[in-house]
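Reader: I have the structure open at the bench. Can you walk me through it?

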Amino acid sequence: MRTAVWQDYELLDTSRGERLERWGNVILIRPDPQIIWETPRKDPRWKQADARYIRSSSGGGHWDVLRSVPPVWDIGWQGLTFRLKTMGFKHTGIFPEQAVNWQYAMDKIKGAGRPVSVLNLFGYTGAASLACAKAGASVCHVDASKGMVQWAKENAAASGLADRPVRWLVDDCVKFVQREQRRGHHYDAIIMDPPSYGRGPGGEVWKLEEQLYSLVQMCIPILSEKPLFFLLNSYTTGLSPAVMEYLLSVMLQPRFGRTVSAEEIGLRVSSTGRSLPCGNTAIAEF
């Protein structure tokens with residue numbers, strides 16, 4: 001398992017279905033169904049948290065503000081600045097475990113020794129796009145949510161990267177890739193972090209199990225002749241690292257060769273020194 005390295009974020013403890021986390025100076029408690037152990041909660045910050053996300057038995061949930069949480073606050077990583085806020089469905093605006101993939105992309109781009117173009121599909125609030133831009137790549141960032149794309153632009157401005165060559169597009173990812181095929185556009189790297197279920201800006205329905213294979217297949221013609229990497233991330237239960245590795249292997253290796261690997265990504269828990277799995281990533285490295 002690859003684990004992310006942070007200073008402004010820390011997974012302090014895990015117990016009884018919840019995480020105790022430090023986001024800069026803000027302490028949050030959030031639910032996590034993988035935390036099935038009932039270890040003692042010795043860290044005093046369990047009782048000093050600024051807010052806790054409470055799930056509803058009927059679906060969804062709400063934030064219970066226990067102390068004081070700013071409406072927006074910033075944390076940093078590798079010279080980038082991310083603006084955070086307590087959102088619905090327990091989120092804050094970034095997935096800190098993804099820092100392992102941001103670092104991988106940055107290292108590959110810096111080591112390429114040539115101009116690199118990156119397509120980031122389902123780009124969310126732009127952390128991966130900004131990591132690639134900071135490393136020197138030109139980036140096309142695509143997400144179906146206008147609000148998320150605007151948030152990504154704000155992160156770019158906060159990171160001092162507003163003038164970098166990044167195209168911020170509100171679009172359905174499948175339709176965008178289809179148009180890029182027709183336009184004959186190509187990319188040296190593709191990053192894809194699709195949701196299990198979602199809707200495009202025009203109401204298009206996305207179901208991962210039904211559409212992932214076809215989307216990866218659509219992306220093959222828009223890879224450049226000498227691509228760097230194809231990175232696929234997933235939080236969907238049942239889509240194991242082995243399945244993701246198999247998918248990229250059978251689709252990409254016949255044409256491009258080289259290696260495909262997949263593994264869990266996670267976060268180190270400060271109280272135990274152990275790592276909490278938080279998702280799966282497969283990488284085809286060309």
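**Helix 4 and its surroundings**

Author: This is a predicted model. Start with helix 4, residues 173–183. Its buried residues are Cys173, Val174, Phe176, Val177 and Glu180.

Reader: How do the buried residues of helix 4 sit, seen down the axis?

Author: They fall within an arc of 165°, so they line one face of helix 4.

Reader: What covers the buried residues of helix 4?

Author: The cover includes four strands and a helix. The strands are strand 9 (117–121), strand 10 (138–143), strand 11 (166–170) and strand 14 (205–207). The helix is helix 5 (208–219).

Reader: And what follows helix 4?

Author: Gly184 does. Its phi is positive, near 75°.

Reader: Switching to the sheet. In what order do the strands of the open sheet run?

Author: The order is 1-16-17-15-12-9-10-11. That is eight strands, with mixed pairing.

Reader: Which are the edge strands?

Author: Strand 1 (2–3) and strand 11. Each pairs on one side only.

Reader: In what sense do strand 16 and strand 17 pair, and over how many bridges?

Author: Antiparallel, over 10 bridges. Strand 16 covers residues 259–268, and strand 17 covers residues 275–285. Leu267 stands opposite Leu276 of strand 17.

Reader: Which strands does helix 2 lie across?

Author: Helix 2 (residues 127–134) lies across strand 9, strand 10, strand 11 and strand 12 (189–192). It runs at about 175° to strand 10.

Reader: Same for helix 5: which strands does it lie across?

Author: Strand 9, strand 12 and strand 15 (229–234). Helix 5 runs at about 170° to strand 12.

Reader: New topic, Val100. Buried or exposed?

Author: Buried. Its relative accessibility is 10%, and the cut-off for buried is under 20%, so Val100 counts as buried. Val100 lies in helix 1 (residues 99–111).

Reader: What is Val100 in contact with, leaving aside neighbours within four places in sequence?

Author: Arg2, Thr3, Ala4 and Ile265.

Reader: How many Å apart are Val100 and Glu180?

Author: 28 Å in space, C-alpha to C-alpha. In sequence they are 80 residues apart.

Reader: Last one. What does the domain assignment give?

Author: Domain 1 (2–84) and domain 2 (96–285). The contact takes 24 residues from domain 1 and 34 residues from domain 2. Their C-alpha centres lie 25 Å apart.

Reader: What area is buried between domain 1 and domain 2?

Author: About 2400 Å². Carbon and sulfur atoms give 60% of that area.

Definitions and conventions
Residues are numbered from 1 along each chain as its sequence is written. This is a predicted model: local features need pLDDT of at least 70, side-chain atom pairs count only at pLDDT 80 or more; totals for chains, interfaces and linings use all residues. Side-chain values use heavy atoms; hydrogens and water are left out. Helices (H or I, at least four residues) and strands (E, at least two) are DSSP runs, numbered from the N terminus. Buried means under 20% relative accessible area, exposed over 50%, partly exposed in between (1.4 Å probe, protein chains only). Contact means heavy atoms within 4.5 Å. The arc is that of the directions from the helix axis to the C-beta atoms. Two strands pair if DSSP finds at least two bridges between them. Axes are lines fitted to C-alpha atoms, for helices over the stretch in contact, and angles run from 0 to 180 degrees between N-to-C directions. Domain bounds come from an automatic or database domain assignment. Buried area is the accessible area (1.4 Å probe) that two parts lose on being put together, summed over both.
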